[in-house]
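Here is a short set of exercises to work through with the model open beside you. Try each task on your own before you read the solution.

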Amino acid sequence: MGKVVLVTGAARQLGGRFVRRIQRDPEVDRVIAVDAVTPGHRLGDADFVRADIRQPAIARVLAEHSVDTVVHLDVSAKAVGTGGRTMVKETNVIGTMQLLGACQKAPSVRRLVVKSSTNVYGSAPRDPAVFTETTPPKSLPSGGFAKDVVEVEGYVRGFARRRPDVAVCVLRFANILGPQADSPLADYLSLPVLPTVFGYDPRLQFVHEDDVVDVLGIASREPRRGTLNSGTFNIAGDGVLLLSQCSRRLGRPTMPLLLPAVTWVGQALRTVGMTDFSPEQIRLLTHGRVVSTVQMRETLGFHPEFTTAQTFAEFARSQGPGLLPPEAVGRAVDRVAAMPFAGAAGDGSGFTGAGDTYSTPSGR
């Protein structure tokens, strides 16, 4: 018999895409899609089970279907539908605890894949230039989604110690973008004017949603010859973009604000429901974050199809034209950069031109 794969978070766009993709795997016999709400998209031939992973009933689902592979995608910064931050945290943390407890009691489970985030590293002024999987954060996140994923990974490590017979793979995704991206950062980049922190131009990494689905497929199967898909891996596209480059390519003007004002604007945007401009997102837009993907390539054997710049280009095309034509903005910035005082100020600063893309050899 083929494998029986259970996928949580099936009502989310990413979960639905993976459910449809994994059904095409010849090694997979059945797919059990689980979520607390009914998906608004098709799930192919998968068996949908409406179940809340925060409840003990998830153990019965694992036992009834003799599940051997669990792909936990219901770890997210945004709720499905009208749920608020409290529901998100409960699903992320309490839901993961219940799911892992159920997996621990299910003898049929042999593989566990967990969707995590590079948010575990935080964003701080004294961060290293590039985070590896073993780099500890300068300071642990104090709240929000970043704290959720830290707790989730802690529970996963405990499960791995209690069930050493289960192959466990944790995928730390950089900011996921694409035509159908649904995340707080995607909401922020969709604003007509981008509030930024005055004096800062953070480095950002992105991973395309197509690459996310592909790497989840690799993690949920038996490892290919010469690779290992058990452990923790950073997942990101090649290269880095500055926030200023992102705004130019979107054709959206920026509004530099002092940090206290950015916090106030973030609270106002959350109040009106435009975007979840959380403190952790403000820290990301202040200090940025770059991770190494050496283990992703050399150990996991995954090579993303999209670079960071290509991923952002796909997202920008899906957004339509901004308030300002990107070409006109680029020419204006280039003219300013060519002025004598601008050139003198830029010498030795370590910044590239506004139209360039950072390369990160140590992060490849």
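**Exercise 1. A serine in a helix**

Is S244 buried, partly exposed or exposed?

*Solution.* Start by placing the residue: S244 sits in helix α7. Next, take its relative accessible area, which is 26%. Buried would require a value under 20% and exposed a value over 50%, so S244 is partly exposed. To finish, look across to R203: this residue is 41 positions away from S244 in sequence, while their C-alpha atoms are 9.3 Å apart in space.

**Exercise 2. How far to trust the model**

Keep in mind that this is a predicted model. Find the average pLDDT of the chain, then examine residues 342–357.

*Solution.* Begin with the whole chain: the average pLDDT is 87, and 85% of the residues score at least 70. Then turn to residues 342–357, where the pLDDT is below 50. Leaving out near neighbours in sequence, that stretch makes 20 contacts in the model.

**Exercise 3. Two helices that cross**

Describe how α7 and α11 meet, and list the residues that make the contact.

*Solution.* First, locate the helices: α7 covers residues 243–250 and α11 covers residues 308–319. Their axes come within 10 Å and cross at roughly 40°. The crossing is right-handed. On the α7 side, the contact is made by C246, R249 and L250. On the α11 side, A309, F312, F315, A316 and Q319 take part. Finally, sort these residues by character: six are nonpolar, one is polar and one is charged.

**Exercise 4. A glycine in α1**

Where is G15, and which residues does it touch beyond its sequence neighbours?

*Solution.* G15 belongs to helix α1, residues 13–22. With a relative accessible area of 2%, G15 is buried. Setting aside neighbours within four places in sequence, the contacts of G15 are V7, G9, A10 and L73. A C-alpha distance adds to the picture: G15 and V71 are 56 residues apart along the chain, and their C-alpha atoms are separated by 9.4 Å.

**Exercise 5. Salt bridges across the chain**

The structure holds 19 salt bridges. For the pairs R30–D47, R111–E222 and R297–D238, give the closest N to O distance and say where the partners lie.

*Solution.*

- Step 1: R30 and D47. The closest N and O atoms are 2.8 Å apart. R30 is in strand β2 (residues 28–35) and D47 in strand β3 (residues 47–50), so the bridge ties together parts 17 residues apart in sequence. Both ends are partly exposed, R30 at 29% and D47 at 32% relative accessibility.
- Step 2: R111 and E222. Here the closest N and O atoms are 3.8 Å apart. R111 lies in strand β5 (residues 111–117), whereas E222 is in the loop between α6 and β11, 111 residues apart from it. R111 counts as buried at 6% relative accessibility, while E222 counts as exposed at 54%.
- Step 3: R297 and D238. The closest N and O atoms are 2.6 Å apart. R297 is part of helix α10 (residues 294–298) and D238 is in the loop between β11 and β12, so this pair ties together parts 59 residues apart in sequence. R297 is buried, at 16% relative accessibility.
- Step 4: a network. D52, R54 and E90 are joined into one network by salt bridges that share partners.

Methods:
Residues are numbered from 1 along each chain as its sequence is written. This is a predicted model: local features need pLDDT of at least 70, side-chain atom pairs count only at pLDDT 80 or more; totals for chains, interfaces and linings use all residues. Side-chain values use heavy atoms; hydrogens and water are left out. Axes are lines fitted to C-alpha atoms, for helices over the stretch in contact, and angles run from 0 to 180 degrees between N-to-C directions. Helices (H or I, at least four residues) and strands (E, at least two) are DSSP runs, numbered from the N terminus. A crossing is left-handed if the near helix is turned anticlockwise from the far one by less than a right angle, and right-handed if clockwise. Contact means heavy atoms within 4.5 Å. Ala, Val, Leu, Ile, Met, Phe, Trp, Tyr, Cys and Pro count as nonpolar, Asp, Glu, Lys and Arg as charged, and the others, Gly among them, as polar. pLDDT is the predictor's confidence in each residue, from 0 to 100. Buried means under 20% relative accessible area, exposed over 50%, partly exposed in between (1.4 Å probe, protein chains only). A salt bridge is a side-chain nitrogen of Lys or Arg within 4 Å of a carboxyl oxygen of Asp or Glu.
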